[in-house]
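Work through the following exercises with the sequence and the model side by side, and try each task before you read its solution.

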Amino acid sequence: MTRECALLLPRVCAALAASQHHGFDDTYLEKLLDWFYLLTESDPGVELLQDNPCLTEFITSVLALPEPNPNILSFTLQLAGILASSENRFQYLQQEQLLVRLFGRDGPLNSALWRDASVRSGWVNGVHNMMRHQAALHLLYSAGGMDVIFALQGDPSLFVASAASQLLVDMLTLSVETEATKPLSAKDCDWPACAQMIIKHIEDSLQSSSAAQIEQSLKLLTSLFGSCRATWTEALWLGVAKQVESFLTEETVQVQCVLAKLLLEMAWSPVFYNTEGSFWMLVTSALAHLTPVQAGPLAVGLLKLCKCPQDVRIQALTVLLQPMDCILRATSQPLEYAGLLDESVSDPVTVEGLLSSKSSCVSLLNQTLAHLEELLCRSRFPVDLPSTPLLRSLVTILQFCNGLLSPASPLGSTISRILINSFRVQKSALAVLAALSNRKVCDTLLGSLFDVLLAYLESPNTSPTVLKKTFQATSKWLVRMQELSCSNNQWQKTEKILEDVFLVLQKRMCSPCWEIRDSSLEFLTDLIKCLREQDEFRQSLLSSEVPKLTENLLEDPESYVRASAVTAVGHLAFITCFASESPAIGDQYNKENILAKLQEILSTDSEGFPRRAVMSIFTEWLRQGCTGQLEETGQFVSRVIQTAEHDLDWEVRFGCLELVQAFCNQIFCQHVPPKCPPVSSAVTSSIHENKSLQILCQAKLFSFLFRSLCDCDKILGQRACDILLGLSSYFYPLGTPRNLDKPVDLPAEHSIALLQRTLRQGSLAQNFPTDGVNGVDFEDPESMMLALGTIDLIELHDELNKSSDHVEKSPQSLLEDILATVGTIEENEADCY
């Protein structure tokens with residue numbers, strides 16, 4: 001502990017004791033507990049208590065009060081637990097009888113204050129804090145604390161109940177790992193006394209008639225098997241396995257849901273996934289007996305487990321696909337298509353019953369679709385998905401939701417009535433449809449697929465959220481369709497679909513709803529990114545009204561739409577302006593006109609989103625080499641910097657830094673790094689001849705970078721410093737002498753020294769040295785070469801990357817903040833954190 005903190009501790013304890021009368025800010029109490037935790041972790045010795053008697057005096061003073069403040073009592077319980085986390089400090093507190101008085105029968109748990117949840121929480125957390133050694137276990141075991149913890153598992157406060165359950169898990173683990181005389185196995189279970197008591201409590205709770213107690217013990221086992229991978233957990237499991245298995249036939253929904261979570265945690269533990277037969281038999285039994293809603297999370301968890309047996313994995317996939325299979329089989333009567341599955345895991349009547357009920361149909365389908373999307377988005381999938389029938393099932397669901405299908409079967413008619421206009425199912429189905437686009441499916445289904453997608457795009461009943469999902473799915477499948485057209489020469493079919501899509505897009509871009517206009521522009525941008533190299537796409541796009549409408553939306557009243565229009569126009573320019581053979585579509589699409597419009601938005605738009613979008617597009621153009629030769633690009637960058645460096649939006653300024661980085665990268669690629677000798681008058685002429693440095697100076701790049709080092713938004717300073725370090729390494733390769741320790745003689749060196757002092761002030765700098773006798777000429781190559789070789793950018797980098805937490809969260813600062821707050825809480829409740 002630092003000397004300053006040691007001096008402050010007595011005042012803190014006195015302030016805490018005095019705060020009994022008017023309360024104390026909970027935030028400071030929590031921060032102080034965090035500080036004590038860190039302190040005791042770094043200093044486990046008993047000297048902390050011996051050298052600071054104010055700590056035990058504070059605890060004693062709280063215990064002496066007839067009715068202490070509940071928050072302060074809770075704090076005291078937790079503090080005592082933290083102090084008792086090392087065995088020698090535990091013994092010291094025991095000699096003072098403090099721990100027994102806090103955590104024993106005669107402590108807070110038998111007082112009226114126990115009714116306050118904060119006191120019960122403090123008691124549990126205090127016990128948890130000191131549960132690091134056998135002595136703490138023995139205290140709880142002998143003082144009757146175990147029964148208290150068992151009771152707190154069912155506490156009305158969920159925070160207390162959860163903390164009590166986790167405490168039992170940690171106590172059981174500590175007991176076995178520190179008190180067992182020999183390794184425990186399934187055949188030899190000589191449990192230590194404390195572990196025996198907890199295990200008996202688990203067994204008794206599982207055999208009780210109370211669903212709440214059963215649920216508590218199942219949650220405790222779930223937490224244990226999820227956090228502890230020791231072999232002794234198998235011995236514990238064998239003692240309760242038959243009782244747990246019996247719950248599969250129970251009708252208590254909540255117990256079965258917890259059971260599914262328990263089995264999944266066990267499946268991920270190497271103790272159980274390597275076992276022969278018995279555990280996996282229980283898992284397959286659970287997949288068969290639990291309802292599809294209960295079994296779904298278990299099934300998807302098993303499918304993500306690499307070491308799951310193949311037969312269990314197939315069964316888990318079957319559980320997930322059953323609702324989709326039922327949808328497909330309900331489509332027509334007699335059956336037109338084969339279903340997804342050859343056989344079901346559970347009774348198909350159960351799934352049909354859930355899909356026939358308005359209360360369960362939507363929730364079951366949403367859960368199923370969410371699980372399927374999660375699995376389809378995984379790069380590796382251990383079992384084959386029947387992609388074609390799954391696609392057909394998804395199309396059927398979307399047809400049901402939009403009223404596009406009138407099934408002949410009674411079940412299909414019922415499901416159709418339930419799903420009509422269900423936007424939740426529509427969103428989920430479209431998300432799975434998009435994820436399925438990278439799987440192999442039957443080509444003949446693509447016509448039906450695009451019919452449904454176009455129907456959604458055209459329908460006035462499609463909500464903006466669903467329309468956005470439809471656009472995303474359509475984009476994915478258009479890319480897939482283009483790939484298929486290249487391989488099987490189905491150009492005409494692709495062209496017809498593209499024409500239909502652009503006709504719909506034209507209408508949507510004129511929608512009175514700004515969300516729809518925005519989604520339409522995002523969709524167009526996605527298509528251009530993926531398909532701009534395809535002739536059929538370019539021809540269909542340019543023969544439509546979409547480019548003109550896109551440009552019109554640059555003046556949309558909604559800033560989000562203007563930003564999306566900027567992005568779309570910027571990517572459209574890759575086709576209209578920057579292509580090797582740009583189409584003849586009118587002067588309004590030439591490079592100068594587009595550039596002028598975007599620069600006008602950057603300098604005049606009142607909202608930040610469009611200006612940020614312009615910066616992103618300009619940077620993308622530069623990275624793609626669309627801004628001309630290096631000199632021309634330098635002029636472009638200079639104009640952008642002069643506009644963006646004064647922007648009040650820090651993200652625009654940050655975007656300008658990204659543009660500068662792209663420009664520097666372009667220079668690095670086109671010029672070999674110069675071999676610079678030490679800067680002197682003898683090499684001044686060679687500096688002026690350095691083409692790349694001259695271009696950087698002419699672009700007014702250095703002024704922007706050095707000013708950004710002092711920006712009040714630290715992230716800009718950090719980025720600017722990274723760029724300057726890159727430039728310094730470029731102009732001063734490794735091993736080249738620098739000027740960091742050179743005496744200051746020349747006027748230019750005086751100005752650079754002044755610049756360095758200014759940079760050290762950071763955002764507090766008042767006057768930047770650009771004018772007057774000592775001003776820095778940021779457009780002078782010699783001065784900038786001197787700056788890059790003289791200014792200690794590494795030191796600046798370290799300062800900029802140093803978090804402000806090193807001041808605000810230091811122990812001394814924290815204690816001073818607490819002292820400053822005491823006595824003024826009612827007047828000033830602001831939390832400095």
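**Exercise 1. Cysteines**

Find how many disulfides this predicted model holds, and decide whether Cys-308 and Cys-721 are buried or exposed.

Solution. The test for a disulfide is a pair of cysteine sulfur atoms within 2.5 Å, and by this rule the count in the predicted model comes to zero. For the second part, the cut-off for a buried residue is a relative accessible area under 20%. Cys-308 has a relative accessible area of 4%, so Cys-308 is buried. Cys-721 has a value of 0%, and therefore Cys-721 is buried as well.

**Exercise 2. Aromatic pairs**

Classify the ring pair formed by Phe-471 and Phe-523, and then the ring pair formed by Tyr-730 and Phe-731.

Solution. A pair of aromatic rings is described by the distance of the centres and the angle of the planes. Rings count as a pair if their centres lie within 6.5 Å, and planes under 30 degrees apart are called stacked, while planes over 60 degrees apart are called edge-to-face. By this rule the count comes to 22 aromatic pairs. In one of them, the ring centres of Phe-471 and Phe-523 are 4.6 Å apart and the planes stand at 25 degrees, so this pair is stacked. The two partners come from distant parts of the chain, since Phe-471 belongs to helix H26 (residues 464-488) and Phe-523 to helix H28 (residues 514-531), 52 residues apart. Phe-471 is buried at 3% relative accessibility, and Phe-523 is buried at 2%.

For the second pair, the ring centres of Tyr-730 and Phe-731 lie 4.7 Å apart with the planes at 80 degrees, so the pair is edge-to-face. Tyr-730 is buried, with a relative accessibility of 6%, and Phe-731 is buried at 0%.

**Exercise 3. A ring cluster and a charge over a ring**

Which residues are linked into a cluster by ring pairs, and which residue lies over the face of Phe-574?

Solution. Following the ring pairs from residue to residue, you find Phe-225, Trp-237, Phe-272, Phe-279 and Trp-280 linked into a cluster. Turning to Phe-574, you find Arg-532 over the face of the ring, at 4.1 Å from the ring centre.

**Exercise 4. A cavity and its lining**

Describe the second largest cavity by its volume, its lining residues and the helices that supply them.

Solution. Begin with the count, which is two cavities of 30 Å³ or more in the structure. The second largest cavity holds about 30 Å³ of space. Its lining consists of Pro-292, Gly-296, Val-319, Leu-320, Pro-323, Leu-364, Gln-367 and Thr-368. Next, place these residues in the chain: helix H18 (292-303), helix H19 (310-329) and helix H21 (358-376) each supply at least two residues of this lining. Finally, sort the lining residues by character, which gives five nonpolar, three polar and no charged residues.

**Exercise 5. Positive phi**

Where in the chain do Gln-97 and Lys-700 lie, and what is the phi of each residue?

Solution. Most residues other than glycine have a negative phi. Against this background, look at Gln-97, which has a positive phi near 60 degrees and is not a glycine. Gln-97 sits in the loop between helix H6 (87-95) and helix H7 (98-103), and at 46% relative accessibility it counts as partly exposed. Lys-700, which is not a glycine, has a positive phi of about 60 degrees. Lys-700 lies in the loop between helix H37 (691-698) and helix H38 (701-708), and at 29% relative accessibility it counts as partly exposed.

**Exercise 6. Sequence distance and distance in space**

For Met-130 and Ile-82, for Gln-670 and Leu-630, and for Leu-220 and Ala-164, give the separation in sequence and the distance between the C-alpha atoms.

Solution. Start with Met-130, which is part of helix H8 (residues 117-130) and is buried at 0% relative accessibility. Met-130 and Ile-82 are 48 residues apart in sequence, and their C-alpha atoms are 5.8 Å apart in space. Go on to Gln-670, which is found in helix H35 (residues 650-670) and is partly exposed at 49% relative accessibility. Gln-670 and Leu-630 are 40 residues apart in sequence, with 8.8 Å between their C-alpha atoms. Last, take Leu-220 in helix H13 (residues 211-227), which is buried with a relative accessible area of 0%. Leu-220 and Ala-164 are 56 residues apart along the chain, and their C-alpha atoms are separated by 9.6 Å.

Definitions and conventions. Residues numbered from 1 in each chain as written. Predicted model: local features only at pLDDT ≥ 70, side-chain atom pairs only at ≥ 80, totals over all residues. Heavy atoms only, no water. Phe/Tyr/Trp six-rings, centres within 6.5 Å; stacked < 30°, edge-to-face > 60°. Helix = DSSP H or I, 4+ residues; strand = E, 2+ residues; numbered from the N terminus. Buried < 20%, exposed > 50% of the residue type's maximum accessible area, 1.4 Å probe, protein only. Lys NZ or Arg CZ within 6 Å of the ring centre and 35° of its normal. 1 Å grid on protein atoms, 1.4 Å probe; cavity = no way out; pocket = protein on both sides within 12 Å on 5 of 7 lines; lining within 4 Å. Points joined across faces, edges and corners; volume = space filled by probe spheres on them. Nonpolar A, V, L, I, M, F, W, Y, C, P; charged D, E, K, R; others polar.
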